[in-house]
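Here are a few exercises to work through with the sequence and the model side by side. Try each task yourself before reading its solution.

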Amino acid sequence: MKLIFSPASPFVRKVRVMVHEAALSERVEDVAVTTTALATDPAVRAANPLGKIPALILDNGQAIFDSRVICRYLDDLSGAGLYPSDRLWDVLTLEALADGIMESAVLMVYETRLRPEEQRSAQWVDAQWSKITHALDALETDGFPVMEGALNFGQLALACALGYLDFRHDALAWREGRPALSDWNKELQDRTSLKNTIPSN
Ligand SMILES: N[C@@H](CCC(=O)N[C@@H](CS)C(=O)NCC(=O)O)C(=O)O
C-alpha cells in the first residue's frame with residue numbers, strides 16, 4: 001500500500017500513528033508530496049478528486065480516503081482493536097472532535113499563508129480559534145469518558161490535534177487554564193507512534 005502524505009498534515013499524522021500502532025509499517029510505503037489548497041499535486045488529485053491528503057492506495061490500485069476511513073480500514077486489516085465495538089460511538093465522536101480541531105487549525109494556517117494579506121479576515125480566524133477553544137474547554141471540564149481506559153483511536157486522534165496546535169499555533173498557548181488536558185496529553189505523547197510522527201515542514 002502507498003500513503004500519499006506530507007509530514008506537516010495532522011490528518012496524515014493520524015494515519016501514520018495508526019500504521020505504527022497496528023504494526024503495518026512494512027506494508028505501507030510513504031509517498032511524500034508537496035500540495036496546497038491552491039496548488040494541488042497531480043498524484044493527490046489522481047487519488048482523491050477533492051485534492052486532499054491523506055489518501056491510501058491499496059495493493060489493487062484502489063484509493064481510499066479520508067483519514068477516518070483509512071484509519072478504520074487499517075484497524076480492521078490488522079485487528080489492532082483501536083475502535084472497540086463496546087465504545088465505538090464514543091471513540092468516533094472523540095475522533096470527530098479531534099478532526100474538527102484540526103480542520104479549524106488548518107484553516108487558520110491557510111488564511112495567513114495562502115491568502116494575500118489584503119484578503120485576510122482576522123474575524124474569520126478568530127471564529128476558527130473560538131471553535132477550537134470551545135472544544136478544548138469541553139475536553140477540560142466535561143471530560144469525555146473514552147479519553148480514559150484502554151487505548152483507542154479517539155485518544156490518538158486527539159493527541160494528533162493537540163500536537164498540531166503545538167506545531168502551528170504554539171503562540172496561542174492552548175495549555176493555559178487547561179491543566180487536566182495538558183497532563184492527559186503529556187502522558188500520551190510519550191508513545192512511540194506519536195514520537196515517531198512529530199509534524200515537520
Ligand atoms: N477530512 C479530511 C481532511 C484532509 C485535509 O484537509 N488535508 C489537508 C492537509 S492537512 C489538505 O490536503 N488540504 C489541501 C486542500 O484543502 O486542498 C481527512 O480527514 O483526511
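Pro 54 sits in the loop between helix 2 (42-47) and strand 3; helices (H or I, at least four residues) and strands (E, at least two) are DSSP runs, numbered from the N terminus. Residue numbers start from 1 along each chain as its sequence is written. You're looking at a predicted model, where local features need pLDDT of at least 70, side-chain atom pairs count only at pLDDT 80 or more, and totals for chains, interfaces and linings use all residues.

**Exercise 1. Find the cis peptide bond at Pro 54, then the one at Asp 66.**

Solution. Start at Pro 54: the cis bond joins Ile 53 to Pro 54, with omega about 10°. Now go to Asp 66, in the loop between strand 4 and helix 3. Here the cis bond links Phe 65 and Asp 66, and omega is about 0°. Worth keeping in mind: most peptide bonds are trans.

**Exercise 2. Work out the strand order of the sheet and its edge strands.**

Solution. Begin with strand 1 (2-5). On one pairing, four bridges tie strand 1 to strand 2 (residues 29-32), and the two run parallel; strands count as paired if DSSP finds at least two bridges between them. The chain gets from strand 1 to strand 2 by way of helix 1, and this β-α-β crossover is right-handed (with the strands pointing away from the viewer, the path from the first strand over the helix to the second runs clockwise).

Next, strand 1 is joined to strand 3 (residues 55-57) by three bridges, and these two run antiparallel. Check a couple of residues: Leu 3 is opposite Asp 30 in strand 2 and has Leu 56 as its bridge partner in strand 3. Likewise, Ile 4 faces Val 31 in strand 2 and Ala 55 in strand 3.

Put it together: the four strands make an open sheet in the order 2-1-3-4, with mixed pairing. Strand 2 and strand 4 (63-64) are the edges, each pairing on one side only.

**Exercise 3. Is helix 1 mostly covered or mostly bare?**

Solution. First get its length: helix 1 (residues 10-21) has twelve residues and spans 16 Å from first C-alpha to last, close to the expected 16 Å (1.5 Å times one less than its number of residues). Then count: eleven of the twelve are buried, so mostly covered is the answer (buried means 20 or more other C-beta atoms within 10 Å of a residue's own, exposed means 12 or fewer, partly exposed is in between, and C-beta atoms are placed from the backbone). Among the buried ones are Phe 11, Arg 13 and Met 18.

**Exercise 4. Where do Ala 23 and Ala 173 lie, and are they buried or exposed?**

Solution. Ala 23 is in the loop between helix 1 and strand 2, and its phi is near 55°, a positive value. Ala 23 is exposed, because just 10 other C-beta atoms are within 10 Å. Ala 173 is in the loop between helix 6 and helix 7 (179-188), with phi near 45°. Ala 173 has 10 C-beta neighbours inside 10 Å, so this residue counts as exposed too. For context, most residues other than glycine have a negative phi.

**Exercise 5. How many residues surround the ligand, and which are the closest?**

Solution. There are 13 around the ligand, the closest being Ser 9, Ala 37, Lys 52, Asp 66 and Ser 67 (near means a C-beta atom, placed from the backbone, within 6 Å). Helix 3 and helix 4 are the elements that give two or more residues to this shell.

Note on methods:
Two residues are in contact if their C-beta atoms, placed from the backbone, lie within 7 Å.
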